[in-house]
Amino acid sequence: MVPFLDLKAQYAAIRPEIEATVLSVLDSGQYILGPAVADFEDKFAPFCGTAHAVAVNTGTSALHLALRALDIGPGDEVITVPMTFVATTAAVLYAGAKPVFVDIEPRTCTLDPDQIEGAITPRTKAILPVHLHGQMADMNAIMDIARAHGLKVIEDACQAHGAELDGRRAGSFGDIGCFSFYPGKNLGACGEGGAAVTGDQHLADRMRMLRDWGQAKKYDHALAGFNYRMDGIQGAILGVKMAHIERWTELRRAAAAAYDLRFDAMGVERPTTVPGRRHVYHVYAVSVPERERVQGHLQRKGIASGIHYPVPVHLQRAYADLGYKPGDFPVSEAMAARTLSLPMFPEITPQQVMEVCDALGEVVDAAAV
Ligand SMILES: *Cc1c(COP(=O)(O)O)cnc(C)c1O
């Protein structure tokens, strides 16, 4: 049996550290924000190569906070992609702004910079690229276009902790970078969590206020804010995990390299990584014809798989009133139809990787015959 991911294996490996830190928060009585969260922020900002990290309760909140900190709201348009988790779009709508989709580039499945200029209107305020599956979007090109048009950039780095482009980390290119610490993410809390990182002191200050009801000081509400605070226990757990994240990322990359080697020999279409980009493999997705049949075969062999994502956001019923239709974003739609995510987590064994490859080989060969 090969699970899709194994959260219990990670916990088992660091159980004494986690238990000690959780107990210390319980003893401290500082259950919301407090020193454990501040300590985590002090570790996470340099990890991202930014001066500031503002810890919040979810990745979605981080995105919403980033948009509000940049004063993006009703009447404004934000250029983003439909091939993402719905939270990216939802955050723009929470802010009262309008999401304007552009397609992805087929190689990396991230925002295609060539599509941006055609989508810019006088109302465009920001570009919101998504570092899908753990590989960064083409941030050099995106930042050039943003600067030329005076647009803000928010990176959805919720799947890309520690990803790099030309040696610079995800979250450090745009005005603000947003992360999720949902348990299954590369850096996961034991519950919900998120953070927004920035190099800008003023934006960091605004986000700190906005996450805590916009308070400049107690009961002095300078901004119309939110309750987006991080729990002390989650901050403490994430602080412990910071000592392991680089190693876990390298283990993911090693598993991906083992998959790559086999799939190249088998002729299976696997993730492309652009030279100069450090992919952190939140998701390892191959592209297969007859996906349902392939997935069924893996399942019979005891191998879990997933689809990220089967329906792009522009075709989700909830967002029908944005006015998009099938065929609007052909690259996203083709990816949604063919992509299959394979087991990927730091603790996956070389044996398990081989089992997945063998099982995939059986069904791919059968298709070729
Ligand atoms: C997980 C995720 C989010 C939302 O994060 P939550 O912590 O679940 O709110 C946003 N965008 C992307 C691309 C994600 O993968």
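Guide: Two residues are in contact when heavy atoms of the one lie within 4.5 Å of heavy atoms of the other. By that criterion, and leaving aside residues up to four places away in sequence, L63 in this predicted model touches A87, T88, A91, L128, I154, D156 and C178.

Visitor: Why does L63 count as buried?

Guide: The relative accessibility of L63 is 2%, and buried means under 20%, so L63 meets the criterion. This residue is found in helix α3, and its C-alpha atom is separated by 20 Å from that of P46, which is 17 residues apart from it along the chain.

Visitor: What makes the arrangement of α3 and α4 oblique?

Guide: The axes of α3 (residues 59-69) and α4 (residues 87-94) cross at roughly 40° and come within 9 Å. Angles under 35 degrees would count as roughly parallel, and those from 65 to 115 as roughly perpendicular; a crossing at roughly 40° falls in neither range, and the two helices are therefore oblique to each other. The crossing is right-handed, and the residues that meet there are T60, L63, H64 and L67 in α3 and A87, T88, A91, V92 and Y94 in α4.

Visitor: How do you know that α3 and α6 are oblique to each other?

Guide: The axes of α3 and α6 (residues 201-211) cross at roughly 120°, whereas roughly perpendicular covers 65 to 115 and roughly antiparallel begins over 145, and the pair is therefore classed as oblique. These axes come within 9 Å, with the contact made by L65, A66, R68 and A69 of α3 and by L203, R206, M207, L210 and R211 of α6. The crossing of α3 and α6 is right-handed.

Visitor: Why is the aromatic pair of F44 and F47 called stacked?

Guide: The ring centres of F44 and F47 are 5.7 Å apart, with 25° between the planes; rings pair if their centres lie within 6.5 Å, and planes under 30 degrees apart count as stacked, so both conditions are satisfied. F44 and F47 are three residues apart in helix α2 (residues 34-48), which means that about one helical turn separates them. F44 and F47 are both buried, and ring pairs link them with F40, F179 and F181 into a cluster.

Visitor: What makes R169 a charge over the ring of F47?

Guide: The charged end of R169 sits 4.8 Å from the centre of that ring, and the distance limit is 6 Å, so the distance part of the criterion is met. Elsewhere, R168 lies over the face of F173, at 4.0 Å from the ring centre.

Notes. Residues numbered from 1 in each chain as written. Predicted model: local features only at pLDDT ≥ 70, side-chain atom pairs only at ≥ 80, totals over all residues. Heavy atoms only, no water. Phe/Tyr/Trp six-rings, centres within 6.5 Å; stacked < 30°, edge-to-face > 60°. Helix = DSSP H or I, 4+ residues; strand = E, 2+ residues; numbered from the N terminus. Buried < 20%, exposed > 50% of the residue type's maximum accessible area, 1.4 Å probe, protein only. Lys NZ or Arg CZ within 6 Å of the ring centre and 35° of its normal. Axes fitted to C-alpha atoms, helices over the stretch in contact; angles between N-to-C directions. Left-handed = near helix turned anticlockwise from the far one by under 90°.
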